[in-house]
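Reader: I have a model open in front of me. How should I read it, feature by feature?

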Amino acid sequence: MDSEKYLSPSQLNKYLKRKFTNDPYMRTVFLVGEITNWRTRVGNQYFAIKDDQAQIDVMMFELNFNKLSFKPKDGTKVYAKGHVSTYEPTGRIQFYVESMEQVGIGELHAQFVKLRNKLEAEGVFSLPKKPLVKFPDRIAVVTSRNAVVIHDILVTCNRRYPLCVVDLYPADVQGDGAKESIVRAMEQIENSPIHYDALIIGRGGGSLEDLWAFNEEIVVRQIVKMEMPVISSVGHETDVTLSDMVADVRAATPTAAAELATPKLTDVLNFLNQTCSSLYVAMKHLMDAKKKELAQLQSSYILTEPMRLYDQKAQLLDSLKERLVASGPQKLLEQLRSNHDFLTKSLVSNMKQELERKRAEFSQLNKQMIAYNPLKMLDRGYAYTTDLDGNTLTSVDQLKPQMHLRLYMQDGESEVEVKKIRRQEHGRKE
């Protein structure tokens, strides 16, 4: 027998593992199915994913398991991403999960993001928040009738502020018809003749699918319409719904919602006692100050000798009378007339002096003008010469032989002809 052609189990398992490792189609596999036989071993998760006809063993390391956004359990339908290989010691084929999400949750998350973006574009999240009433008389609660939520709210409100009345408006908070049920409850509160100072809306924790009713558009818009401030307490602190985002206040738990909605009676009483004490002390100080002011006023000379108030006023009145007599209208009129006559005489005198001065200046200027008149020189035997165009000639350089000129004298003019030209420089003739 040829023993070399036989493989040991370990050799076969190594070969199979190498085949799966090198197979490109097994490196990334997307699997959909239902979880079964879920169990934990030393932090790692072991289970199977099955359909109607078969199942495959699955292993998920603790590091990948801690990244899940939901808690897997038997019967949960999931989308899983991973790779296929063998467990070498046993040769068992396994699917190693790297990431996993619940079937339907991906679509829900996409719907959540789409509606959130739509509401954000409308400015719904930016609307001003309504302030909570400090001392509420009545609070409405929308939640399931049998939920622990209403029990926690009632206990907390009764412990903190028993003066406040809490009314439950029951609604389905999960499953088909939940969104319509929640909206109906809020509409009943809105149309009720009872005035509510606050509305608490919420439920306990759960998956995204469990809380989905509080992500529905009709629920979100009804919360925005409510006249009273709305406190949202949906899910746990890490769960965020669109109802939380549009509510006036968000609380991490129903108990926290009740604490936000009501004051603590003991704190209120302590505050009132402190305020009363402060008010008493302030009033006492004020009364003491006013008594001191009254005593000062009662001892002042204004009250003890009131006639002294008129001393200075009477003296001022006498002074005003004297000024009135001294500046009576008749005397003032005479003074104005005298000033008028004086100013009139001064004006006439000044005008005469100015006129004489201007006449003298005019006479002097006239004499100068006559003296400087060039035509006046003709009376003393002088003449002046022009060419036939009327241009005055002042130098022999302007003359030419046989040139005709005009000669102007005191009593007329004549036309002459140049016969000879002689130039004179420095007293010599040339």
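Author: Start with one side chain. The side chain of N44 reaches the backbone nitrogen of E62 at 2.9 Å. Keep in mind that the model is predicted.

Reader: What makes that pair a polar contact?

Author: A polar contact is a pair of N or O atoms within 3.5 Å, where one can donate a hydrogen and the other can accept it. Here the side chain of N44 and the backbone nitrogen of E62 are 2.9 Å apart.

Reader: Where is N44 found? And is N44 buried or exposed?

Author: N44 is found in strand β2, residues 44-50. Buried means under 20% relative accessible area. N44 has 18%, so N44 is buried.

Reader: Which residues is N44 in contact with, leaving aside its neighbours within four places in sequence?

Author: R39, M59, M60, F61 and E62. E62 is also the residue whose backbone nitrogen the side chain reaches.

Reader: Give me a second case of a side chain reaching the backbone.

Author: Take T76. Its side chain reaches the backbone oxygen of K73 at 3.0 Å. T76 sits in the loop between α3 (62-65) and β4 (77-87).

Reader: Is T76 buried or exposed?

Author: Apply the cut-off again: under 20% is buried. The relative accessible area of T76 is 7%, so T76 is buried. Beyond its neighbours within four places in sequence, T76 is in contact with G33, E34, I35, F70 and Q102.

Reader: Now the backbone. How do I read phi?

Author: Most residues other than glycine have a negative phi. Look for the exceptions. V42 has a phi near 50°, a positive value, and V42 is not a glycine.

Reader: Where is V42 found?

Author: In the loop between β1 (29-41) and β2. Exposed means over 50% relative accessible area. V42 has 82%, so V42 is exposed.

Reader: Which phi does Q402 have?

Author: A positive one, about 65°, although Q402 is not a glycine. Q402 lies in the loop between β11 (384-387) and β12 (404-409). Its relative accessible area is 51%, so Q402 counts as exposed.

Reader: How do I read the packing of a helix?

Author: List its buried residues, then ask what they pack against. In helix α9, residues 254-261, the buried ones are P254, A256, A257, A258 and A261.

Reader: Which elements do the buried residues of α9 pack against?

Author: Two strands and a helix come up early in the list: β6 (138-143), α5 (148-160) and β8 (198-203), and β9 (230-234) completes it.

Reader: How do I compare distance in sequence with distance in space?

Author: Put the two values side by side. D267 and R160 are 107 residues apart along the chain, and their C-alpha atoms are separated by 9.1 Å. D267 is found in helix α10, residues 265-298. Its relative accessibility is 45%, so D267 counts as partly exposed.

Reader: How far apart in space are L317 and F135?

Author: 65 Å, C-alpha to C-alpha, with their positions 182 residues apart in sequence. L317 has its place in helix α12, residues 311-326. With a relative accessible area of 45%, L317 is partly exposed.

Reader: And what are the values for L7 and D389?

Author: They are 382 residues apart in sequence and 147 Å apart in space, C-alpha to C-alpha. L7 lies in the segment before α1 (9-22). L7 has a relative accessible area of 60%, so L7 is exposed.

Reader: Now zoom out. How do I read the overall shape?

Author: Compare the radius of gyration with that of a compact globule. For 430 residues the globule would be near 22 Å, but the chain has 60 Å. Along its principal axes, the C-alpha trace spans about 175 × 110 × 40 Å.

Reader: How many helices and strands are there in the chain?

Author: 13 helices and 15 strands.

Reader: What share of the residues is buried?

Author: Buried residues make up 27% of the 430. The chain exposes about 30200 Å², and carbon and sulfur atoms supply 55% of that area.

Reader: What about contacts and charges?

Author: Take the contacts with a separation of 6 or more. Residues 24 or more positions apart account for 59% of them. For charges, count 58 positive and 56 negative side chains. The centres of the two sets lie 7 Å apart.

Methods. Residues numbered from 1 in each chain as written. Predicted model: local features only at pLDDT ≥ 70, side-chain atom pairs only at ≥ 80, totals over all residues. Heavy atoms only, no water. Helix = DSSP H or I, 4+ residues; strand = E, 2+ residues; numbered from the N terminus. Rg over C-alpha atoms; globule rule 2.2 N^0.38 Å. Buried < 20%, exposed > 50% of the residue type's maximum accessible area, 1.4 Å probe, protein only. Contact = heavy atoms within 4.5 Å. Areas by Shrake-Rupley, 256 points an atom, 1.4 Å probe, with all protein chains shown as cover. Lys, Arg positive; Asp, Glu negative; His and termini not counted. Charge placed at Lys NZ, Arg CZ, Asp CG, Glu CD.
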